[in-house]
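Me: I would like to go through this model in short questions and answers. Can we begin?

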Amino acid sequence: MQSAKTYFEAASRRRKFLNGQLELLSAADAAYQQDADRAAVLSARAWRELGGYLLPEVDDGVIRGLETTLRYPSLVPIRDDFRQRTAAAVARREELASLEEVVHTDILVSKVDDELREITPAADGFRADLAAWSESRWYQELELRGYFGQHEAGLWARFRNWRAVSFLMSEVADKQGLEFATGSELQEHVMTLQSDSRALFDHEERLKKRRQAITDLDAEHTKLTTAESDLHREMYVALSEAIRDHLESTPVELRFDLAKGDPHLVTFFKKISGLDAKKSYLEELRVTRIQRHMSDLEQQRYKLDLKVSKREHKSRRGRFFGVPQSEIDSLNNHKADKWQRRHQKLEKIRNRLDRFDDYDKGTIGDQVLWWDVITRNAPGDDLYSVRTFHEQHGGGLAANHPHAELEAALFGDDSMSDAAAAALASDMAVMRDSDDVADDWGLDAS
C-alpha cells in the first residue's frame, strides 16, 4: 500500500504528461490543417492556370471550340455578360466625364467647404444650447409629452406640465442664467431655439450631402477608368471557375478525352488530382491519427481529474489513506517511448505528403492510389479511401482498371504509360523504413 501523498504526486505527473501529449497533438493538428489549406490553394491556382491554358483568347472561335470540346455550352453566355457589363461601364464613364462634379471636383468641394465653415460656428452654438437644455430631466419629460410642440393637454397633463416647467425654470436660471416670467415665455424661447437650429441644421446636412455626392461621383469615375481591364480579369476568373465546376462535376473519362495527345493537359490534370488527394489525406489523418487520440487523452484526463477530486475530498475528511502499488505503477507507466514514436510518425508522414511534388508519377484517373505514390506505400488502411482501394485492387496500381487503358491511350502508344507504371512499380518495391511498418494507430492512446 502506498500513501495518499504518493498517489497524488503520481496523479499530478500523469496529468502533466497527458497535457504535454495534448499540446503536441494540437500542434500537429494545426500543422496538418495548414498543409491541407496550402494544397487547396495550390489546387485552385492550378485550376486557374488550366483555364488560361484552355482559353488563351476570348474570341468566338476559341470559346465556341472549347464549348464543343468540353461539351459545355455555357462559356459564351459568360463572355457576353462581361461584354455587356464592360459596355455599360464605358458608357457610364463617358457620362460621368461630362458632369461638372467630375470636371470641377476640387472647385465645387472647396465651395461647399467654405459654406460649411461659415455656418459651423452658429451650428455649434445651437448644438451647445440644445445640449444644455436636453441635460435636464424636466426638459426631457416636457419634450416627450410634446409640450414644445403646442400639443393640447388634459387637466392632469397640464398639472404635470406646470410642475415640470416650474422645476425647469428654476434649473435654467441657476445653470444658464436665463430668467422666464412665465411658462409660456420659456415655451416660446425653446420653440424658437428648436426652429432656428433646425433650419440651420437642415442647411448644414444638405451641404454635407452635396459634398458627399460630388466626391462619390468623382470616385466612381476614377474607378471606372480601369473598368475594362478589371472586368477582363474578372471574366477570365469566371470562365476558369466555370470550366473547373464543369470538369469537377463530369466523369473523369472526359479529362482523358481532353488530354489525349496533349502532355500539358496531362500534367495539369495529374497535378490537380494529386493536390486534391493530398488535401483529402491530410484532413482525414487529422481525424484518424490526431483528433481521435486527442479525444482519448481528454477522456483519460477527465477520468483522472474526477478520481483525484473525489480522493482529495476524502483525504481532507481523513477517509483516504493510500492505494495499492499496482495503481501507482499504472499511473507512472506513461508509455513515453510509444508516444514519442507516434509523434515522430505523424511528422514523418506529414512531411512526405507536404513535400511531394512529383505528380507525373500519378494519373488522371483512379487506377493509381495517390497515397501509395506520395507516401511510398506507407501504412494507411485507417483511411477509408486507402483501405477500400487495397481491398479491391491490392497494391497502389490497379492494372486491370478501365482507367489504365485510357492512360495508355493518351498518346496513342504505351510509352508514357509504361514509363509511369515502371516508376510506380519501382517505388512500390522499395522496402519500407522501419518506422513505416504497421504502427499503433489502431491501439488505444493509453
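The questions below move from the overall fold to pockets, single residues and ring pairs.

Me: How many helices and how many strands are there in the protein?
Reply: This is a predicted model. Of its 446 residues, 41% count as buried. Among contacts with a separation of 6 or more, 78% come from residues 24 or more positions apart. The secondary structure comes to 17 helices and two strands.

Me: How much space lies in the largest pocket?
Reply: The lining of the largest pocket has 21 residues. By class, 10 of them are nonpolar, seven polar and four charged. The space in this pocket is about 480 Å³.

Me: Which residues lie nearest the centre of the largest pocket?
Reply: Two helices, helix 11 (263-316) and helix 15 (384-393), each supply at least two residues of the lining. The residues nearest the centre are Ser-273, Ala-277, Gly-365, Asp-366 and Trp-370.

Me: Which element gives the largest share of the lining of the largest pocket?
Reply: Helix 11 and helix 15 each give at least two lining residues. The largest share is six residues. Its source is helix 11.

Me: What volume does the second largest cavity have?
Reply: The count of cavities of 30 Å³ or more comes to two. Residues lining the second largest one include Ala-132, Trp-133, Leu-168 and Lys-175. By class its lining has four nonpolar, two polar and three charged residues. Its volume is about 60 Å³.

Me: Which helix gives the most to the lining of the second largest cavity?
Reply: Helix 5 (105-134) and helix 7 each supply at least two of the lining residues. The top contribution is four residues. It comes from helix 7.

Me: Is Tyr-147 buried or exposed?
Reply: Tyr-147 sits in the loop between helix 6 (137-144) and helix 7 (155-175). Beyond four places in sequence, it touches Leu-142, Asn-161, Val-165, Gly-183 and Gln-187. Its relative accessible area is 14%, under the 20% cut-off. Tyr-147 is therefore buried.

Me: What distance separates the C-alpha atoms of Tyr-147 and Val-165?
Reply: Val-165 is among the residues that Tyr-147 touches. The two are 18 residues apart along the chain. Their C-alpha atoms are separated by 9.7 Å.

Me: Where on helix 12 do its buried residues fall?
Reply: In helix 12 (residues 325-332), Glu-327, Ile-328 and Leu-331 are buried. Seen down the helix axis, these buried residues fall within an arc of 100°, so they line one face of the helix.

Me: What covers the buried residues of helix 12?
Reply: Glu-327, Ile-328 and Leu-331 are the residues concerned. The cover includes helix 11 and helix 1 (4-54). It also includes strand 1 (2-3) and strand 2 (322-323).

Me: Which residues is Ser-43 in contact with, leaving aside neighbours within four places in sequence?
Reply: Ser-43 lies in helix 1. At 2% relative accessibility, it counts as buried. Its contacts are Arg-244, Ile-272, Leu-275 and Asp-276.

Me: What relative accessibility does His-343 have?
Reply: His-343 is found in helix 13 (residues 336-355). It touches Gln-21, Leu-24 and Leu-25, not counting residues up to four places away in sequence. It counts as buried because its value is under 20%. That value is 16%.

Me: What kind of aromatic pair do Tyr-7 and Phe-320 form?
Reply: The count of aromatic pairs comes to 11. For Tyr-7 and Phe-320, the ring centres are 5.8 Å apart and the planes make 75°. Edge-to-face needs planes over 60 degrees apart, so this pair is edge-to-face.

Me: How many residues apart in sequence are the parts that the pair of Tyr-7 and Phe-320 ties together?
Reply: Tyr-7 is buried, and Phe-320 is buried too. Ring pairs also link both of them with Phe-8 into a cluster. Tyr-7 lies in helix 1 and Phe-320 in the loop between helix 11 and strand 2, so the parts tied together are 313 residues apart.

Me: What angle lies between the planes of Trp-133 and Tyr-139?
Reply: Trp-133 and Tyr-139 are both buried. They form a tilted pair, 6.1 Å centre to centre. The angle between the planes is 50°.

Definitions and conventions:
Residues are numbered from 1 along each chain as its sequence is written. This is a predicted model: local features need pLDDT of at least 70, side-chain atom pairs count only at pLDDT 80 or more; totals for chains, interfaces and linings use all residues. Side-chain values use heavy atoms; hydrogens and water are left out. On a 1 Å grid over the protein atoms alone, a cavity is a set of points where a 1.4 Å probe fits but cannot get out, and a pocket is an open set with protein on both sides within 12 Å along at least five of seven lines; lining residues have an atom within 4 Å of a point. Grid points are joined across faces, edges and corners, and a volume is the space filled by probe spheres set on the points. Ala, Val, Leu, Ile, Met, Phe, Trp, Tyr, Cys and Pro count as nonpolar, Asp, Glu, Lys and Arg as charged, and the others, Gly among them, as polar. Buried means under 20% relative accessible area, exposed over 50%, partly exposed in between (1.4 Å probe, protein chains only). Contact means heavy atoms within 4.5 Å. The arc is that of the directions from the helix axis to the C-beta atoms. Rings of Phe, Tyr and Trp (its six-membered ring) pair if their centres lie within 6.5 Å; planes under 30 degrees apart count as stacked, over 60 as edge-to-face and the rest as tilted.
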